[in-house]
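Hello,

Here is the structure you asked about. My notes on it follow below.

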Amino acid sequence: MKMTPPAAAPGLFSKLSREGRDTLFLLATIAAIVAPHGGHLPLWASAITALMLAWRGWLAWHSEPLPGRWVLVAVLLISAGLTWITHRTLIGREAGITLLVMLMALKTLELRARRDAFVVFFLGFFLVLTNFLYSQSLFTALWTLLSVWALLSAVVLAQMPVGQPSLALAAKQAARTTLYGLPVMVLLFVLFPRIGPLWGVPADSIGRTGLSNRLDFGAMSEIANDDSIAMRLRFQGAPPAPQARYFRGPVLAQFDGKTWRPSPLQWPGRPDPLQTEGEALSYELTLEPLRLSVIPLLEMSPEPAGTERDLEGLTIRRSAELQWSAERPITERVRLTARAYSRYRHGPNPAPGQAALVLQNYLDLPAGYNPRTLAWAADLRRQPQFAQLNESQLTPALAQAVLQHIASADFTYTLAPGRYGEDTLHLIDEFWFDRRLGFCEHFSAAFVVVMRAMGVPARIVTGFQGMDPQPQDDFWIVRNSNAHAWAEYWTPHLGWQRADPTAAIAPDRILQGLALRPAPGAFAGALGQINPTLLLTLRRAWETLDNRWQQSVLNYSRQSQFDLLKTMGFESPDWQLLGKVSAVLIGLLALLGAAWSAWLQRPHDAWSRQRSRILSELHRLGVADAAPHQGPAQWARLLSQTHGNAAEPAARLLLRLEQARYAPDAGEGLSYAARRRWWREFRAAGRMLRRKMP
């Protein structure tokens, strides 16, 4: 019987040849694979790739011949030259991915045989993998999954050279094949040894905005426009009070009149003493990649300066200014557990007369800058109410007077204060006297300058303050929009004291964690008018899914593998045991796969099983010509031709089976009990016939 191939689905593709339709589908798949790289490729590479794919699609649509080899060689040389000009190399990650995209696009212009198509398939699978060099988010994983499914569908189409199978049939077969390999994929994910990636880490996962080791006017307001997640925390117990939610990042002490930077010098004596009081708050932190080497932990962790902690592949050390620093920028998600005390004292306590020497880094101001602010500070310091105060009383009183001035004067806390710095000599003067519009960095910088002008050591601390009002999946969310800058001033016998000028001008920002938000876009604004909570609900739902992806998949580590082995009953798991367990399980899966393959080759419906038994019996009776495509009546004739009248009982049973299966009134054929009874009678007739055989 001649098989009719599946017909193509009617519609746009029905006018195309099989080759044209499959080519257009492959080009669409390639475009989907290349699309995530659009933000990382040079503009010329994206343009040339789009032009080549569009050109190849036009050729397929109009059934035009492919271009000659010299055209491809010319495009290849131009692409290689532009890659060299852009990256100054032809190797490495960025240059390699650029060339890979160009080569795959070029290869589509010489798709003349199945061999060429398979080259494109292999390049496509490798290019899909490179997406994870830039991002490992849940969205990237889902997009990659769809791209792989489409690419496997194209492979299935290439393995069906006859007829014109539908795209739906190919996609179904590709999905089925993927599901077959799913157990092995899960096993390898769970048990394959965790090693550091050979190519580094996703560079695009590092925030485009974020904390920095320097601070300029406007830096924090730029970060505040970024509402992405900076870190997630899970507390053992209640979270800290809103006014205690400070996450300590870079400490900035050196000021050149425009920019704040870390101090190049540290106190040459002992590190800052640290004393903690009360009960510690334990928590788990998952930190998103940053663009600096400081890990912002909740103030104040109890470890003294100089303490080192070993994370997976990363060592962090506590500096004299009590910030946690790594030896390199944080370019991957970091997960750790920590403790924090809300009541603490820290800072040097130099001998009398040595404070100015020890703390000079925190007193320096550039000469000739901000004269009006310095004069204002000098006038404040000379006021009579400060004359009779001792050292321990004077410094807090001065700080309180500055904060009171910020709260009572006509300052405005705003995310868009406008541009400062046209005259760098009067940057603080412009803010303190003229415009009085600023964000947290404006107020903190001005506070530190005023305190230093009055002879009080002071510095800026940057980090994060506040969290989302409600947890997600038991995790409290700290966003980049929670980035904050505050101040610390030094008091004799008490050390460094936190002062947050933002709390004086905008207390809701600190007490309720109400960070300023930029104006919503047109779509978000329209959606907010229709349903004010819909956008927030959708964002939280997506972030919850993304958090589960990170906690369950991306944070699955070597320790997680060893913990899994412990739950399986192994007391002291190591790499050798992990390898043995992996080998045993992979072997079992291979045996199951072989058994399943053998089972699939056997007939599974009732008639197929019965037919197989009948043919086996006929072959034992010497009827070698009996075949599966024949019916019971033909088997009866062959049996009678071979054994004559002696085969009449068995032949009669075969004719009865023919009548039961194919007669007009046969219905669904023999019942289960009738089939078993018929088989016993036929096997008995066969035994009688074998006794009569010579």
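Helices here are DSSP runs (H or I) of at least four residues, numbered from the N terminus. By that numbering, Arg687 sits in helix α23. Please keep in mind that this is a predicted model.

Charge first. Arg687 belongs to a patch of positive charge on the surface. Its other members are Arg609, Arg613, Arg676, Arg677, Arg680, Arg683 and Arg691. Two helices, α20 (606–620) and α23 (672–692), each give at least two residues to the patch. The largest share, six residues, comes from α23. How accessible is Arg687 itself? Its relative accessibility is 37%, so Arg687 counts as partly exposed; the range for that class runs from 20% to 50%.

Now the aromatics. The whole structure holds 17 aromatic pairs. One of them is Phe411 with Phe431, a tilted pair. The centres are 5.5 Å apart, with 40° between the planes. Phe411 lies in the loop between α11 (391–408) and β14 (412–413), and Phe431 in helix α12 (residues 427–435), so the pair ties together parts 20 residues apart in sequence. Phe411 is buried at 7% relative accessibility. Phe431 is buried too, at 0%.

Trp678 and Phe682 make a stacked pair: 5.0 Å centre to centre, 10° between the planes. Both lie in helix α23, four residues apart, about one turn of the helix. Both are buried.

Lastly, a cluster. Phe411 and Phe431 join Trp376, Tyr413, Trp432, Phe439 and Phe443 in one aromatic cluster.

Best wishes

Note on methods:
Residues are numbered from 1 along each chain as its sequence is written. This is a predicted model: local features need pLDDT of at least 70, side-chain atom pairs count only at pLDDT 80 or more; totals for chains, interfaces and linings use all residues. Side-chain values use heavy atoms; hydrogens and water are left out. Patches are made of residues with over 30% relative accessible area and no salt bridge: like charges are joined within 9 Å, nonpolar side chains (Val, Leu, Ile, Met, Phe, Trp, Tyr) within 5 Å. Accessible areas come from the Shrake-Rupley method with a 1.4 Å probe; for residues, only the protein chains shown count as cover. A salt bridge is a side-chain nitrogen of Lys or Arg within 4 Å of a carboxyl oxygen of Asp or Glu. Lys and Arg count as positive and Asp and Glu as negative; His and the chain ends are not counted. The place of a charge is taken as NZ of Lys, CZ of Arg, CG of Asp or CD of Glu. Buried means under 20% relative accessible area, exposed over 50%, partly exposed in between (1.4 Å probe, protein chains only). Rings of Phe, Tyr and Trp (its six-membered ring) pair if their centres lie within 6.5 Å; planes under 30 degrees apart count as stacked, over 60 as edge-to-face and the rest as tilted.
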